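Biologist: Before we use any labels for this molecule, could we go through the reasons behind them, step by step?

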Amino acid sequence: MEVYHALGIQAVLGIFSHLLFIAITFYALQAFRLDQLFKKGKTVQIQLIYILLSIAIGSTVSNFVLDFSKWSQQLPYIFP
C-alpha cells in the first residue's frame with residue numbers, strides 16, 4: 001500500500017510541476033513580440049504558437065527539474 005501512496009504523490013508532483021512551469025513559460029513568452037513575425041490578423045495562430053511553445057518549453061524544464069530532484073535523492077547510494 002505504501003508503494004501506491006508514493007506513486008500517487010509522484011504523479012501529483014509531476015502534474016503540478018508541469019502545469020507550474022507551463023504557466024511560468026507562458027508568462028515569460030509574453031515579453032517577446034512574436035506578433036511581428038506573423039501576418040496581420042492571425043491572432044488565433046499567434047495565440048496557438050504561444051500555447052504550444054509554452055507547453056514544449058515548460059514540459060522540458062519540468063522534466064529537467066523532476067529528473068534533477070530524483071537524481072539528487074539517489075546520490076547517497078554512491079557511498080554505501
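Modeller: What follows is a set of questions about labels and the values behind them, and the model we discuss is a predicted one.

Biologist: Let us begin with the rings: why is the pair of Phe64 and Phe68 called tilted?

Modeller: One aromatic pair is counted under the rule. The ring centres of Phe64 and Phe68 lie 5.8 Å apart, with 35 degrees between the planes. Centres within 6.5 Å make a pair, and planes under 30 degrees apart would be stacked while those over 60 would be edge-to-face, so a pair at 35 degrees is tilted.

Biologist: Where do Phe64 and Phe68 lie in the chain?

Modeller: Both belong to helix H2, which covers residues 43–74, and they are four residues apart, about one turn of the helix.

Biologist: What makes Phe64 and Phe68 count as buried or exposed?

Modeller: The label exposed requires a relative accessible area over 50%. Phe64 has 51%, and therefore counts as exposed. Phe68 has 52%, so Phe68 is exposed as well.

Biologist: Which label does Leu52 receive, and why?

Modeller: Leu52, which is also found in helix H2, has 48% relative accessibility. Because this value is neither under 20% nor over 50%, Leu52 counts as partly exposed. In space, the C-alpha atoms of Leu52 and Ile22 are 9.7 Å apart, although 30 residues separate them in sequence.

Biologist: How do you know whether Ser54 is buried or exposed?

Modeller: Ser54 sits in helix H2, and its relative accessibility is 2%, which is under the 20% limit, so Ser54 counts as buried. Leaving out residues up to four places away in sequence, Ser54 touches Ile22, Thr25, Phe26, Leu29 and Ser59. The side chain of Ser54 also reaches the backbone nitrogen of Phe26 at 3.5 Å.

Biologist: And why is the link between Ser17 and Ser62 called a polar contact?

Modeller: The side chains of Ser17 and Ser62 come to 2.6 Å, and a polar contact needs a suitable pair of N or O atoms within 3.5 Å, so the distance satisfies the limit. Ser17 lies in helix H1, and at 8% relative accessible area it is under 20% and therefore buried. Apart from neighbours within four places in sequence, Ser17 is in contact with Ser62 and Leu66.

Biologist: What makes Leu34 buried, given that its place is in the loop between H1 and H2?

Modeller: The label rests on accessibility: Leu34 has 15%, which is under 20%, so it counts as buried. Setting aside neighbours within four places in sequence, Leu34 is in contact with Ile49, Tyr50 and Leu53. For Leu34 and Ile49, which are 15 residues apart along the chain, the C-alpha atoms are separated by 8.9 Å.

Biologist: Finally, what do you know about the largest pocket and its lining?

Modeller: The largest pocket holds about 350 Å³ of space. Helix H1, residues 2–29, and H2 are the elements that each give two or more residues to its lining, and H2 provides the largest share, six residues. Among the lining residues are Gln10, Leu13, Phe16, Ser17, Asn63, Leu66, Asp67 and Lys70.

Biologist: How do the residues of that lining divide by type?

Modeller: They divide into four nonpolar, five polar and two charged residues. Asp and Lys count as charged, so Asp67 and Lys70 are the charged members of the lining.

Key: Residues numbered from 1 in each chain as written. Predicted model: local features only at pLDDT ≥ 70, side-chain atom pairs only at ≥ 80, totals over all residues. Heavy atoms only, no water. Phe/Tyr/Trp six-rings, centres within 6.5 Å; stacked < 30°, edge-to-face > 60°. Buried < 20%, exposed > 50% of the residue type's maximum accessible area, 1.4 Å probe, protein only. 1 Å grid on protein atoms, 1.4 Å probe; cavity = no way out; pocket = protein on both sides within 12 Å on 5 of 7 lines; lining within 4 Å. Points joined across faces, edges and corners; volume = space filled by probe spheres on them. Polar contact = N/O pair within 3.5 Å; in protein donor to acceptor, adjacent residues only side chain to side chain. Contact = heavy atoms within 4.5 Å.
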